[in-house]
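Here is a colleague's note for someone opening this entry without earlier acquaintance. Please keep the sequence and the coordinates at hand while reading.

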Amino acid sequence: MTKPSLPDLLHAAVSAVGGTERPGQVAMAEAVAEAIDDNSHRLIQAGTGTGKSLGYLVPALAHGERVVVATATLALQRQLVERDLPRTVDALHPQLRRRPQFAMLKGRSNYLCLHRLHEGAPQDEEEGLFDQFEAATPTSKLGKDLLRLRDWADETETGDRDDLTPGISDKAWSQISVSSRECLGATKCAYGAECFAEAARERAKLADVVVTNHALLAIDAIEGAPVLPQHEVLIVDEAHELVSRVTGAATGELTPGQVNRAVKRSAKLVDEKTADALQTASESFERVMELALPGRLEQIPEDLGYALMSLRDAARNVISAIGATRDKSVHDEDAVRKQALAAVESIHSVAERITNGSEYDVVWYERHDRFGATLRVAPLSVSGLLREKLFEDRSVVLTSATLKIGGDFNGVAASLGLSAEGVEGDDVPAWKGLDVGSPFDYPKQGILYVAKHLATPGREGTRGDMMDELAELIEAAGGRTLGLFSSMRGAKAAAEELRGRIDNPILLQGEETLGELIKTFAADPKTCLFGTLSLWQGVDVPGPSCQLVVMDRIPFPRPDDPLMSARQKSVEEHGGNGFMAVAATHAALLMAQGAGRLVRATGDRGVVAVLDPRLATARYGSFLRATLPDFWYTTDRNQVRRSLAAIDATAQADGK
């Protein structure tokens, strides 16, 4: 039997989803198939509307060996498992003569734990060990959530938190879920045979395509113990997010509250002397943290160093002692012991990591008005980790709508631990970059407007000229505006001021769930939606409800961001341009993602307005503009108002 050709398979899949075959999608599918066949690596930029999911799924399914697909967002994971994969498998089945299996796999805490549900969560000493369902009054929000969870547990086939709609609070979910460290293990747990997390792992072992997230991929790389099943091909979608997700997974933190909980959980499981030593270390750590001021710690202060060494040593003794004692008075001791061990081990590992000190780690204090001080430690760079763990023993395809920064792939490649394209060496993974473009005609569909006449934004204070400009642009557009702000404070200030100045309704992130806000925004063209980081990347509103995307300023990282400033300084110490490599690259990625909110379909028209003159006047402006879609560019404010009014008039004439 002749093997079906890739173009035939792609055609069948595209027809099945009611789509249109695009040259970029064909080029992408061919590049993915080539990477799989050669066991090589690809960075593929595929603009919005390319149909990139099918561009990698079809060659992956045709390949026949197991493929892992890792995405950053829940929305894309659901789209792949609930829509794209079922349709694609159905479409390819007649030609492949087999029906590839697929499965979703997440971290253990995403699944309901039957042991926790039926036996109750081991609680802190002063609260007693109680049944959380009895303790939470049925009339409270927590009580209602927990009762809903108990009913849902009898119906659900997956136990996956994301299959529960409407969702519930983190507090309620924490009552019936466990981390991998807290899990008893399938062989020791009375509910091991029915465990949802174990069932998900078993399904993944049998699947041809395993869909997971960047966080689990990061844990798989960092922990050393494999979480994902053995696979030959890794496809990383939304790959522009990977470095920040891996950094997050490799970041440790310590708070006085966290240490106190560990003390309480372990107290009854060890002798009095060992428990007292951890209690004393906890108190000295808390005293140091009360005086902590936010910022990076280039040297660990003496009092903090002493407190951390005491914590480390006391935690190590508790870990040893927990393994040697049994206490018949403790109900469900294995679960209590496991939770206590997880809490103490977490403290020990972070305290030891900071105490040992590494030139490759950044340590800093954060302060929160409500929660007090936190001590954090994060890797200065994850590029070495990614180079070593990501690209060995498998073919890797990284794809996103934004991988070329300033016109080439090398910036993103460097952050992933790769050398410049074409450079090869013994320990340097070779890779190729491909930009398959976009089906959209950006110069005809969109305008990039830079408000060159405005004052350069300062660090503090309201910008009166920017508010005037924003109000005029929204009025010219007839609403239809997505406002992307570099801080929540900026978004709130703009919403408060403009609600008193213009008639258009203004929605503000945080005043309702993101899903509800986006739904309301999409339904009413006169409405505006203002917000910060998640809106820069998470909004997909094609059509006339989003015809003006405004960025208040270039989203450079805050100058006092300890990790970003440490990374910038490190680049400079090695002879590079820290500002361009870190701050400008960070801003370029975000701006490209933000600008990508404007044109989501072939009929979309509109303006991306940047209310920061530096995009037109600063030396780095051309680098940032080269990362954005190829819109028609202007700094003429009158021209933009006329264009917005014309786009609004056309939409109104069409009854939209």
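The numbered points below go from the whole chain to single residues.

1. The model is a predicted one, and what is said here should be read with that in mind. The protein is made up of 656 residues, and its radius of gyration is 27 Å; because a compact globule with that number of residues would have a value near 26 Å, the two agree. Taken along the principal axes, the box filled by the C-alpha atoms is roughly 75 × 70 × 60 Å.

2. As to secondary structure, the protein has 27 helices and 18 strands. Among the contacts with a separation of 6 or more, 76% are between residues that stand 24 or more positions apart. Of the 656 residues, 52% count as buried.

3. On the surface, the protein exposes about 29,800 Å², and 49% of this area is supplied by carbon and sulfur atoms. The protein carries 73 positive and 93 negative charges, and the mean positions of these two sets are 2 Å apart.

4. Side chains of opposite charge can pair when their charged atoms come close. How many salt bridges does a search of the whole structure find? The search gives 33 salt bridges, and a few of them are taken up in the next points.

5. One of the pairs is Arg78 with Asp163, whose side chains meet in a salt bridge with an N to O distance of 3.8 Å. This pair links distant parts of the chain, since Arg78 belongs to helix H4 (residues 74-96) while Asp163 sits in the loop between helix H7 (141-155) and helix H8 (170-174), and the two are 85 residues apart. Arg78 has a relative accessible area of 24% and is therefore partly exposed, and Asp163, at 34%, also counts as partly exposed.

6. Asp90 and Arg99 form another salt bridge, with 2.7 Å from N to O. Asp90 is partly exposed at a relative accessible area of 46%, and Arg99 is likewise partly exposed, at 41%.

7. A salt bridge also joins Lys205 and Glu202, whose closest N and O atoms are 3.2 Å apart. Because these residues are three apart in helix H9 (residues 196-206), about one helical turn separates Lys205 from Glu202. Lys205 counts as partly exposed at 49% relative accessibility, and Glu202 is partly exposed with a relative accessible area of 40%. Elsewhere, salt bridges link Glu469, Glu472, Arg637 and Arg641 in a network.

8. Glu238 deserves a separate look. Which side chain of opposite charge is nearest to Glu238, and how far away is it? The nearest is Lys52, at 6.2 Å, and Glu238, although buried, has no salt bridge; a salt bridge would need a side-chain nitrogen of Lys or Arg within 4 Å of a carboxyl oxygen. Glu238 is placed in the loop between strand S5 (233-236) and helix H11 (242-249). Apart from neighbours within four places in sequence, Glu238 is in contact with Thr71, Ala72, Thr73, Leu76, His214, Thr399 and Ser400.

9. Gly406 is found in the loop between strand S10 (395-400) and helix H17 (410-415), and at 27% relative accessibility Gly406 counts as partly exposed. Although Gly406 and Leu628 are 222 residues apart in sequence, their C-alpha atoms are 8.7 Å apart in space. When residues up to four places away in sequence are not counted, Gly406 touches Phe623, Ala626 and Thr627.

10. Some details of the backbone may be checked by eye. Thr165 and Pro166 are joined by a cis peptide bond, with omega at about -5°, and Pro166 lies in the loop between H7 and H8.

11. Which sign does phi have in Arg97, positive or negative? The phi of Arg97 is positive, about 60°, although Arg97 is not a glycine. Arg97 lies in the loop between H4 and strand S3 (102-104), and with a relative accessible area of 61% Arg97 is exposed.

12. Asp393, which is a residue other than glycine, has a positive phi near 65°. Asp393 belongs to the loop between helix H16 (383-390) and S10, and Asp393 is exposed, its relative accessible area being 73%.

Terms used:
Residues numbered from 1 in each chain as written. Predicted model: local features only at pLDDT ≥ 70, side-chain atom pairs only at ≥ 80, totals over all residues. Heavy atoms only, no water. Helix = DSSP H or I, 4+ residues; strand = E, 2+ residues; numbered from the N terminus. Rg over C-alpha atoms; globule rule 2.2 N^0.38 Å. Buried < 20%, exposed > 50% of the residue type's maximum accessible area, 1.4 Å probe, protein only. Contact = heavy atoms within 4.5 Å. Areas by Shrake-Rupley, 256 points an atom, 1.4 Å probe, with all protein chains shown as cover. Lys, Arg positive; Asp, Glu negative; His and termini not counted. Charge placed at Lys NZ, Arg CZ, Asp CG, Glu CD.
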